[in-house]
Amino acid sequence: MAHEPQTVVLDLDGTLVDSVYEHVTAWHAAFHDVGRFVSAVRIHEAIGMGGDRLVAHVAGDAAEAAVGDDVRALHDHYFRASLRTISPLDGASEVVEALASRGHRLALASSSEKDLVDELLDLVDVRRHLAAVVTASDDLASKPAPDLVLAAAARAGGSSAVAVGDATWDALAAEAAGIPCIGVRSGGIAAERLVSAGASWVYDGPDDLLAQLAHSPLRTR
């Protein structure tokens with residue numbers, strides 16, 4: 001990979017903010033409220049794909065048809081109630097600052113709705129560095145489809161791009177978009193699974209990526 005500045009398409013949950021397990025708890029409670037049991041492990045493995053896909057993925061098409069909208073509404077209710085407990089991941093704002101200072105153009109691609117993305121971005125000091133923010137509210141196919149990643153990269157500009165994300169769905173979306181992916185383990189997914197999904201490099205989290213930036217695929221000349 002060339003070491004000129006690139007467009008870096010960042011995920012949000014589990015990549016910049018420590019919110020994955022709050023999502024798991026919210027989905028778990030939402031399924032419980034509609035009388036469906038879905039294991040927390042199964043839900044955790046699905047975090048990062050769009051909410052429009054998650055219900056069918058973890059509970060089946062019949063559950064999506066019967067209670068999909070109810071589960072999503074309940075998830076949003078429970079997740080918003082947990083916002084006060086969510087914090088930035090260690091090194092998140094610092095690695096974004098470092099990437100911007102090296103000339104990379106930065107974009108965000110999240111499968112969450114814009115209003116929720118805005119609330120999470122209020123928790124981490126990165127918004128001023130983002131050339132583009134693309135969310136589920138942009139009416140594009142959610143991850144693992146490549147649409148959000150492609151739109152974020154296009155809106156940010158730049159001749160080449162790389163994605164950074166914590167979920168297998170981020171790696172699959174990047175692969176479908178034809179761009180390399182840097183995986184981070186800060187969402188709780190094992191390195192082996194991220195690599196199997198298409199991540200070419202894996203770091204423990206944004207703090208680890210920051211510490212190794214000079215030797216990473218995001219180093220510049």
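Which element gives the largest share of the lining of the largest pocket? In this predicted model, that element is helix 4, with four residues. The pocket itself holds about 470 Å³ of space. Its lining is made up of 27 residues, and those closest to the centre are Met49, Gly50, Gly51, Ser111 and Ser112. Besides helix 4 (61-81), the elements that give two or more residues to this lining are helix 1 (20-33), helix 3 (51-59) and helix 6 (114-121). For readers who like to think in terms of chemical character, the lining divides by class into eight nonpolar, nine polar and 10 charged residues.

Away from the pocket, the strands offer a good place to continue. Strand 4 covers residues 161-165, and five of its five residues are buried, so this strand is largely enclosed by the rest of the structure. In a regular strand, side chains point alternately to one face of the sheet and the other. In strand 4, Ala161, Ala163 and Gly165 point one way, while Val162 and Val164 point the other way, and all of them are buried.

Strand 4 has partners in both strand 1 and strand 5. With strand 1 (residues 7-10), strand 4 pairs in the parallel sense over four bridges, and here Val164 stands opposite Leu10. With strand 5 (residues 181-184), strand 4 also runs parallel, joined by three bridges; within this pairing, Gly165 has Gly183 as its bridge partner. The connection between these two strands can be followed as well: strand 4, helix 8 (residues 168-177) and strand 5 together make a β-α-β unit of right-handed sense.

Strand 1 is covered on both faces, with Thr7 and Val9 buried on one side and Val8 and Leu10 buried on the other. Strand 1 also runs parallel to strand 2 (residues 105-109), to which four bridges join it. Leu10 stands opposite Leu108 in strand 2, and Leu10 likewise stands opposite Val164 in strand 4.

Thr7, which lies in strand 1, deserves a closer look. Its relative accessible area is 1%, and because buried means under 20%, Thr7 counts as buried. Leaving aside neighbours within four places in sequence, Thr7 is in contact with Arg105, Ala153, Ala156, Gly157, Gly158, Ser160, Ala161 and Val162. Among these contacts of Thr7 are Ala161 and Val162, two residues of strand 4 that point opposite ways.

Arg42 offers a second residue to examine. Arg42 is found in helix 2 (residues 40-46). With a relative accessible area of 33%, Arg42 is partly exposed, whereas Thr7 is buried. Once neighbours within four places in sequence are left aside, Arg42 is in contact with His57 and Val58. Arg42 can also be placed relative to His28: the two are 14 residues apart in sequence, and their C-alpha atoms are 9.8 Å apart in space.

Note on methods:
Residues are numbered from 1 along each chain as its sequence is written. This is a predicted model: local features need pLDDT of at least 70, side-chain atom pairs count only at pLDDT 80 or more; totals for chains, interfaces and linings use all residues. Side-chain values use heavy atoms; hydrogens and water are left out. On a 1 Å grid over the protein atoms alone, a cavity is a set of points where a 1.4 Å probe fits but cannot get out, and a pocket is an open set with protein on both sides within 12 Å along at least five of seven lines; lining residues have an atom within 4 Å of a point. Grid points are joined across faces, edges and corners, and a volume is the space filled by probe spheres set on the points. Ala, Val, Leu, Ile, Met, Phe, Trp, Tyr, Cys and Pro count as nonpolar, Asp, Glu, Lys and Arg as charged, and the others, Gly among them, as polar. Buried means under 20% relative accessible area, exposed over 50%, partly exposed in between (1.4 Å probe, protein chains only). Two strands pair if DSSP finds at least two bridges between them. A crossover is right-handed if, with the strands pointing away from the viewer, the path from the first strand over the helix to the second runs clockwise. Contact means heavy atoms within 4.5 Å.
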